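Biologist: I'd like a close look at one part of this protein rather than a quick tour. Could you pick it apart for me in plain words?

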Amino acid sequence: MAAQAPPPPPPTEQKIMVAIDESECSHYALEWALRNLAPRRLVLFTVQPFSPLSYVPAGSPLGPSVVSPELIRSVSEHQRQLAQALLDKAKAICTEHGVDAETIIEVGDPKETICEAAEKLNVNLLILGSHSRGTIQRFFLGSVSNYCTHHAKCPVLVVKKKE
């Protein structure tokens, strides 16, 4: 009698990361993921932009005498609070769907920071909302979803809201 092959190992839980920003499209992408994928391991990720005041050159009219370290810290703290509020709102949506999500805030350029975090966190799927910008807006503003689809080391799902 031939020996039976051992049963396959149970599938590992997939880790899904949803990038959240202040736009309606990112919250739509989150809702879509919760309805259609029923994730068990979910990371809500947002990027706090660099403080614009930290880039004021020393020789400019807004040089060091005008832009104090306290002002830079205050602006950065305010941005951190806004980012935390975004994640708190997204986490509440997850709780309504019975999903306990991990939240992460990082500072940097959104498109690069999202890709780096997806790799560092070893996520299986990155989900982004589509802003549906036209060609000219994408040219001048760039497209986070376009960048991530080309640079992330994991599969990327771009969720576009039906018009």
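Why is strand 4 (residues 125-129) said to be largely enclosed by the rest of the structure?

Modeller: Strand 4 is largely enclosed because five of its five residues are buried. Buried means under 20% relative accessible area, exposed means over 50%, and partly exposed lies in between (1.4 Å probe, protein chains only). Before we go on, keep in mind that this is a predicted model: local features need pLDDT of at least 70, side-chain atom pairs count only at pLDDT 80 or more, and totals for chains, interfaces and linings use all residues. Residues are numbered from 1 along each chain as its sequence is written, and side-chain values use heavy atoms, with hydrogens and water left out.

Now picture the two faces of strand 4. Leu125, Ile127 and Gly129 point one way, while Leu126 and Leu128 point the other way. Whichever way they point, these residues are buried.

What sits beside the strand? Two strands pair if DSSP finds at least two bridges between them. Strand 1 (residues 15-19) runs parallel to strand 4 and is joined to it by three bridges. One place to look is Val18, whose bridge partner in strand 4 is Ile127. Strand 5 (residues 156-159) also pairs with strand 4 in the parallel sense, this time over four bridges. There, Leu128 has Val158 as its bridge partner.

Let's zoom in on Leu128, since that residue belongs to strand 4. Leu128 counts as buried because its relative accessibility is 3%. Setting aside neighbours within four places in sequence, Leu128 is in contact (heavy atoms within 4.5 Å) with Ala19, Ala29, Ile114, Ser145, Cys148, Val156, Leu157, Val158 and Val159. You can also find Thr149, which is 21 residues from Leu128 along the chain, with 9.6 Å between their C-alpha atoms.

One of those contacts of Leu128, Ile114, takes us to helix 3. The buried residues of helix 3 are Thr113, Ile114, Cys115, Ala117 and Ala118. Their cover includes strand 4, along with strand 1, strand 2, strand 3 (102-107) and helix 5.

Helix 3 (residues 110-120) and helix 5 have axes that come within 9 Å and cross at roughly 35 degrees. On the helix 3 side, Pro110, Lys111, Glu112, Ile114 and Cys115 meet Val144, Tyr147, Cys148 and His151 of helix 5. By class, this contact has six nonpolar, one polar and two charged residues. (Ala, Val, Leu, Ile, Met, Phe, Trp, Tyr, Cys and Pro count as nonpolar, Asp, Glu, Lys and Arg as charged, and the others, Gly among them, as polar.)

His151 is worth a stop. You'll find His151 in helix 5 (residues 144-151), where this residue is partly exposed, with a relative accessible area of 44%. His151 and Cys115 are 36 residues apart in sequence, and their C-alpha atoms are 6.7 Å apart in space.

Next, follow the chain from helix 3 towards strand 4. Asn122 comes in the loop between the two. Asn122 has a positive phi of about 55 degrees although this residue is not a glycine. Asn122 counts as exposed, with 59% relative accessibility, whereas the residues of strand 4 are buried.

Elsewhere, Ala38 shows a positive phi too, about 45 degrees, and is not a glycine. Ala38 lies in the loop between helix 1 and strand 2 (41-48) and is exposed, at 54% relative accessible area.

In helix 1 (residues 24-36) you can spot His27. His27 is buried, with a relative accessible area of 10%. Apart from neighbours within four places in sequence, His27 is in contact with Ile20, Asp21, Leu86, Lys89 and Ile93.

Finally, step back to see where strand 4 fits. The protein has five helices and five strands; helices (H or I, at least four residues) and strands (E, at least two) are DSSP runs, numbered from the N terminus. Along the sequence they follow the pattern β-α-β-α-β-α-β-α-α-β. Buried residues make up 34% of the 163 residues. Of the contacts with a separation of 6 or more, 77% come from residues 24 or more positions apart.

Note on methods: Axes fitted to C-alpha atoms, helices over the stretch in contact; angles between N-to-C directions.
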